[in-house]
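Open the model in your viewer and keep the selection panel at hand. The tour moves from one chain to the interface, then to a single residue.

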Amino acid sequence: MLSLLCCFLFFLSFLVHSCLRLRTQAKRSLKDEKEIDEGAYVVGEEETPTRLLRELMPRHVAVIMDGNRRWAERAGLLTSQGHEAGAKRLLEFAELCFKLGIETVSAFAFSTENWGRHKIEVKCLMSLIQRYLKSKIQFFQSEEIRVSVIGNLEKIPESLLGIIKETEEATMRYKKKHLILAIDYSGRSDILHACKSIVKKSQQGLIREEDVDETLFEQELLTKCTEFPSPDLLIRTSGEQRISNFLLWQLAYTELFFSPVLWPDFDKYKFLEALISYQRRERRFGCRI
Amino acid sequence: MDFNDLMPLLSFWIGQIGDLGLDLLWRFIHIVVSLWHIVSGIFEAILSNAISLGLIQKYSAIDIEKLRCLAVVVDIEVARDVSKVIDLLQWLKTIGVKQVGLFDSQGLLKKSKDMILEMVPGSMLLQETGEKDISPDRKGIIDIEFISSSDNKEAVVKAANILLEKHLKSNNHPEKDEEGDNVFTESHLNEALRVVGENVRVPDLMLVYGPVRSHLGFPAWRLRYTEIVHMGSLKYMRYGSLLKAIHKFTGVRQNYGV
């Protein structure tokens, strides 16, 4: 009897509290709430469990799109279909990022180590990237998304190189949204490339030995194409917990989010989880507060 | 008051009741999720204690040979509490870890290295200019390396300067230059980093202790394929959680991008 009474009192106080909250919420106008998606979440001025703060949004999000092959295997599909699903997911992901005000999205599309995969798979991947870039140029232009490709690019087929150049040129003038695709990229090669670039400039008399410092070094990395070369948030899917030679220099203070979900399944709700986790972290960039 | 006047009032109250219902449902879900987190936290704590007491068989025998080099990243706020770091090192030694790289961005642990080495029996400073073989007769010894942010980007810049110098010299003496443009391979940068006094050994596993899930500026060159595990606060570290993280690592299969 006593426990029933306690439950009832608890429920009653809960109800009253809720009514009071409703009254204050009704007074608050919808001006400070902006619908971003079909009701999945809203971005507002205050933080609530479902809301993200615009001022705490990362400026640069990087993603290691892992799990396409495993996804295809589980779905009983071909590996190429897994990569297709992954490419589609990347475009959706990038669109969502830009809608949320995230200015730069970097995606690890093909690593230098990936050349070691089966020739047919590599050929499929190259063909897929070429097809997607070619078919989406108009989309990038209409959405004003700048597309940059970083990587070694020496082994890339000529036809793909042509499409990359065309896409970059067609979208170069856009400033607010930037999609960076890392193709044939290696973090270590990026650092070595910066060393070579410094030597070249030194030979040309453009810099002196004593000018070489961290800032100058950073300006020679492949990520110099963006205003924010260091990602605020890195997402890696499929449960693997390593950065696998991606943006080694740039990830010093990046929030690392490892999701167990396979990349083609990494939808907006999983991304929301990553963003909430990011916004709740206390990032100190190696300094004391 | 006729029916037409009553309708808007009625629809308003229906809307309010609907909102209240949704609000209650949301709070109910919130309670369920919060309870779930509490329960899983309690479960985690029990599991950790059970592992510590050796009650779970699979954690009793860990293939520690797979873990040749371990990196431990510590948030600067807890790096001041050296006693916790010492406890952690003693646990790692008990587990059988042979080489540990201790990192904090400001180098606080570097400053306390003498005390740490004194307080951890069987510990030695890793004097590193190259890869160190861990021979079996060094049982019970743990090599500790102290790392800070100055060993990251600053060191790479210094190494780049060494390579620049080398290249300029080879340009001045082309007859001595056997390598030409090939001074910029990974092994050359490794060598240049060693000249600067840096260890180039790649950790197999990195444990991050602190509020942020970030490696906080650990030497980037060394992190290519390192498994990264966030362990939470060093203040609340548990032996069982440590054992579980290492055990999980021994089961990981990397394909290295292939």
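Start with chain A and switch on its surface. Chain A exposes about 14800 Å². Carbon and sulfur atoms supply 54% of that area. Keep in mind that this is a predicted model.

**Chain A as a cartoon**

Now hide the surface and color by secondary structure. Chain A has eight helices and nine strands. How many of its 289 residues count as buried? The share is 51%. Next, draw the contacts within chain A. Take those with a separation of 6 or more: 72% of them join residues 24 or more positions apart.

**The interface with chain B**

Bring chain B into view. Select the residues in contact across the two chains: 52 belong to chain A and 59 to chain B. Between them, chain A and chain B bury about 5100 Å². Of this buried area, 59% lies on carbon and sulfur atoms.

Look next at the pairs that cross the interface. There are three salt bridges between chain A and chain B. For one of them, select R242(A) and E227(B) and show their side chains. The two meet in a salt bridge, with 2.8 Å from N to O. Then display the polar contacts: 15 residue pairs link chain A and chain B this way, with both residues at pLDDT 80 or more.

Which elements of chain A give two or more residues to the side that touches chain B? Select α1 (2–27), α6 (187–203), α7 (214–219) and β9 (255–258). Pause on α6(A), which gives the most, with nine residues. Now color this side of chain A by residue class. You should find 22 nonpolar, 13 polar and 17 charged residues.

**A stop at A72(A)**

Hide chain B and zoom in on helix α2 of chain A, residues 68–75. A72(A) is found there. Is A72(A) buried or exposed? Its relative accessible area is 0%, and the cut-off for buried is under 20%, so A72(A) is buried.

Show what surrounds this residue. Leaving out residues up to four places away in sequence, A72(A) touches L77(A), L78(A), T79(A) and G82(A). Finish with a distance from A72(A) to K88(A), C-alpha to C-alpha. The two are 16 residues apart in sequence and 14 Å apart in space.

Methods. Residues are numbered from 1 along each chain as its sequence is written. Chains are lettered from A and ligands numbered from 1 in the order in which they are written. This is a predicted model: local features need pLDDT of at least 70, side-chain atom pairs count only at pLDDT 80 or more; totals for chains, interfaces and linings use all residues. Side-chain values use heavy atoms; hydrogens and water are left out. Contact means heavy atoms within 4.5 Å. Buried area is the accessible area (1.4 Å probe) that two parts lose on being put together, summed over both. A salt bridge is a side-chain nitrogen of Lys or Arg within 4 Å of a carboxyl oxygen of Asp or Glu. A polar contact is a pair of N or O atoms within 3.5 Å; within protein, one must be able to donate a hydrogen and the other to accept it, and residues adjacent in sequence count only if both atoms are side-chain atoms. Helices (H or I, at least four residues) and strands (E, at least two) are DSSP runs, numbered from the N terminus. Ala, Val, Leu, Ile, Met, Phe, Trp, Tyr, Cys and Pro count as nonpolar, Asp, Glu, Lys and Arg as charged, and the others, Gly among them, as polar. Buried means under 20% relative accessible area, exposed over 50%, partly exposed in between (1.4 Å probe, protein chains only). Accessible areas come from the Shrake-Rupley method with a 1.4 Å probe; for residues, only the protein chains shown count as cover.
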